[in-house]
Amino acid sequence: MLARFRIGIDLGGTKIEGAAVDASGSVCVRRRVPTPIEDYQATVDAIVALVGGIEQEIGVTASVGIGIPGSVSPITGLVKNANSTWLIGHPLQRDLEIALRRPTRLANDANCFALSEATDGAAAAMETVFGVILGTGVGGGIAIRGRILVGANAIGGEWGHNPLPCPAPDEIPGPPCYCGRSGCLETFLSGPALAADHHRHSGRSLSAPEIARAAESGDPVCRATLGRYAERLARGLASVINLIDPDAIVVGGGLSGISALYEHVPRLWTRYIFSDRVVTRLLPPVHGDSSGVRGAAWLWRSEEAL
Ligand SMILES: [Zn+2]
């Protein structure tokens, strides 16, 4: 039976967003509540209440998919790698399945972004899609034929903590990363990293959006900062292309609004890619902030959903 509704939940560090998506992909109901910071049980309760409220509005029981800022260990079933640290070590999927009285699917939020854009977004109908989040942090997810590549360790697509490829002498060892190493892609490509790089080179403190705006209006120092950023992003994405050779790379997160990247990065990445011709496209997202709930909803395919 074709699902009438799927519920997608995007569990974020500051808010939990929930939406009912119908079979055609339209979002019918959307609700958001603040995330109960540092309180695991309250977080579970908030998700259950959100699902209950949405189901009351749509009048039917729906499948539930949840995007989380971390992943579920395939070995222990416990949450790991979450920057919302109060989730770490808890059996979130089991607890939600008991509370919601139905099977529930959880996935990393960057994976949900990739799935959303691969299902009916910028990379709709493309076979292999890499979704990359460039925001406060850096994340990635891989969708192949409309399914997430979770991986044996549930870290498929975790690109941000690889080292920056082909580093120049002044990029070694690179800024320290919270993961314990230095020079991870995240330490060069997050929004705060872009701002820090600008400060290192110019002594000026500007946010990433301010740098992007000033570069657009011709400020030479900001243009140089953005140039370094685009070149580093090109190196980082070239290694993704060399590995999984995606049809498209879709960019999400706050920095996805910098339109110059879509022009410059594909010009810059060719020299690092092991192919005479590169057809991989670098695309802005279609669904933007809705990708979290949409991708979570799509964790259930139409033939499987309630
Ligand atoms: Zn790192």
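## Exercises on a zinc site and its fold

C177 is buried, and C184 is too (buried means under 20% relative accessible area with a 1.4 Å probe, protein chains only). The model is predicted: local features need pLDDT of at least 70, side-chain atom pairs count only at pLDDT 80 or more, and totals for chains, interfaces and linings use all residues. Residues are numbered from 1 along each chain as its sequence is written, and side-chain values use heavy atoms, with hydrogens and water left out.

**Exercise 1.** Work out which atoms coordinate the zinc ion and what geometry the site has.

*Solution.*
- Start with the donors, meaning N, O and S atoms within 2.8 Å of the metal (3.2 Å for Na, K and Ca).
- H161 gives ND1, while C177, C179 and C184 each give SG, at 2.1 to 2.3 Å.
- Next, read the spacing along the chain: H-x15-C-x1-C-x4-C.
- Finally, check the angles: they run from 103 to 118° among the four donor atoms, and the site is tetrahedral (for four donors, all angles between 85 and 135 degrees).

**Exercise 2.** Determine how the compactness of the protein fits the globule rule.

*Solution.*
- First, take stock of the secondary structure: nine helices and twelve strands (DSSP runs, H or I of at least four residues for helices, E of at least two for strands).
- The radius of gyration is 20 Å, close to the 19 Å from the globule rule for 306 residues, so the protein is as compact as a globular protein of that length (C-alpha atoms; the rule is 2.2 Å times the number of residues to the power 0.38).
- Then add the burial: 53% of the 306 residues count as buried.

Terms used. Four donors count as tetrahedral if all angles lie between 85 and 135 degrees; four count as square planar and six as octahedral if opposite donors are over 155 degrees apart and all others between 65 and 115; anything else is irregular. Buried means under 20% relative accessible area, exposed over 50%, partly exposed in between (1.4 Å probe, protein chains only).
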